[in-house]
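Colleague: I am new to this structure and would be grateful for a close look at a single part of it. Please begin with one residue and its surroundings, and then extend the description to the helices.

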Amino acid sequence: PEVLAWCYGRGFSEEVITKYRLFADIGKHGNAANVVFPYIMPGRDEKAFHLKFRDTREKNVWTSKGTRKGLFGWHALEPSARSVLLVEGEPDVLAAATYGFQALGIPNGGGGGRMHEWIENEWDDLVRFDTIFLAIESDGAGMVAMHELAERLGRERCRVVKLPYKDINLC
């Protein structure tokens with residue numbers, strides 16, 4: 001119930017919660033305050049290749065150890081999608097889906113350098129997109145991320161989205 005309350009409080013519908021296969025983690029002390037975001041590739045045995053956990057009471061976030069870094073939300077994309085919205089984090093993917101957008105979440109947020117090691121793991125799957133919309137926070141780290149992502153993913157197919165608020169979840 002606590003995880004559902006957190007999701008509903010952010011405006012996520014039951015349909016979106018189910019589509020992205022969120023679930024609650026009991027935790028070490030028997031509390032179910034942790035929401036789990038499974039990273040799943042469709043057609044590849046449908047098992048999670050990475051998990052991200054978030055305490056719904058505080059903003060503590062941690063990930064599964066020794067797993068492949070990649071983008072969140074692949075399993076929920078329409079197979080025919082030729083454009084995608086890249087956002088920072090899983091809640092922004094859910095917010096984008098609530099708006100009806102095809103979206104994927106960057107696992108480590110903004111910044112540059114090693115923050116984008118996931119690109120190597122996702123390159124072959126990203127090739128299908130003609131247009132990649134970057135809806136990254138417009139803070140300093142977000143600006144670094146936008147520049148680096150556009151360079152690495154191809155400036156000719158990247159478009160920067162200017163949001164009226166910090167992120168799409170706040171929109």
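Modeller: Leaving aside neighbours within four places in sequence, Ile 40 is in contact with Arg 21, Glu 46, Lys 47, Ala 48, Phe 49, Trp 74 and His 75. These statements refer to a predicted model. Ile 40 has its place in strand 2. With a relative accessible area of 4%, Ile 40 falls under the 20% limit and is therefore buried. Between the C-alpha atoms of Ile 40 and Trp 123 there is a separation of 16 Å, and the two residues are 83 residues apart along the chain.

Two of the residues that Ile 40 contacts, Arg 21 and Glu 46, may be taken in turn. Glu 46 is found in the loop between strand 2 and strand 3. Because its relative accessibility is 35%, Glu 46 counts as partly exposed. Not counting residues up to four places away in sequence, Glu 46 touches Arg 21, Ile 40 and Met 41. Tyr 20 is 26 residues apart from Glu 46 along the chain, and the C-alpha atoms of the two are separated by 12 Å.

Arg 21 belongs to the loop between helix 2 and strand 1, the latter spanning residues 23-25. Its relative accessibility is 37%, so Arg 21 counts as partly exposed. The backbone of Arg 21 deserves a remark: its phi is near 60°, a positive value in a residue other than glycine.

Strand 2, which holds Ile 40, also helps to cover helix 3. Helix 3 comprises residues 90-99, and because eight of its ten residues are buried, this helix is largely enclosed by the rest of the structure. The buried residues are Glu 90, Pro 91, Asp 92, Val 93, Leu 94, Ala 95, Ala 96 and Ala 97. Their cover includes helix 1 (2-9), helix 2 (14-19), strand 2 (34-40) and strand 3 (48-55), together with strand 5 and strand 6. After helix 3 comes Gly 100, with a positive phi near 95°.

Strand 5 and strand 6 lead on to helix 5, since the buried residues of helix 5 pack against strand 5 (83-88) and strand 6 (103-106), as well as against helix 4, strand 7 (131-135) and strand 8 (158-160). The buried residues in question are Gly 142, Ala 145, Met 146, Glu 148, Leu 149, Ala 150 and Leu 153. Helix 5 has 14 residues and spans 20 Å from its first C-alpha to its last, close to the 20 Å expected at 1.5 Å a residue. Gly 154 follows helix 5, and its phi is positive, near 110°.

There remains the packing of helix 5 with helix 4. Two packed helices are described by the angle between their axes and the distance between the axes. For helix 4 (residues 118-126) and helix 5 (residues 140-153), the angle is about 50° and the axes are 12 Å apart. The two helices are therefore oblique to each other. Helix 4 passes helix 5 in a right-handed crossing. On the side of helix 4, the residues that meet helix 5 are Trp 118, Ile 119, Glu 120, Trp 123 and Leu 126; their partners in helix 5 are Leu 149, Arg 152 and Leu 153. By class, this contact has six nonpolar and two charged residues, with no polar ones. Of the partners in helix 5, Leu 149 and Leu 153 also appear among its buried residues.

Notes:
Residues are numbered from 1 along each chain as its sequence is written. This is a predicted model: local features need pLDDT of at least 70, side-chain atom pairs count only at pLDDT 80 or more; totals for chains, interfaces and linings use all residues. Side-chain values use heavy atoms; hydrogens and water are left out. Axes are lines fitted to C-alpha atoms, for helices over the stretch in contact, and angles run from 0 to 180 degrees between N-to-C directions. Helices (H or I, at least four residues) and strands (E, at least two) are DSSP runs, numbered from the N terminus. Angles under 35 degrees count as roughly parallel, over 145 as roughly antiparallel, 65 to 115 as roughly perpendicular and the rest as oblique. A crossing is left-handed if the near helix is turned anticlockwise from the far one by less than a right angle, and right-handed if clockwise. Contact means heavy atoms within 4.5 Å. Ala, Val, Leu, Ile, Met, Phe, Trp, Tyr, Cys and Pro count as nonpolar, Asp, Glu, Lys and Arg as charged, and the others, Gly among them, as polar. The expected span of a helix is 1.5 Å times one less than its number of residues. Buried means under 20% relative accessible area, exposed over 50%, partly exposed in between (1.4 Å probe, protein chains only).
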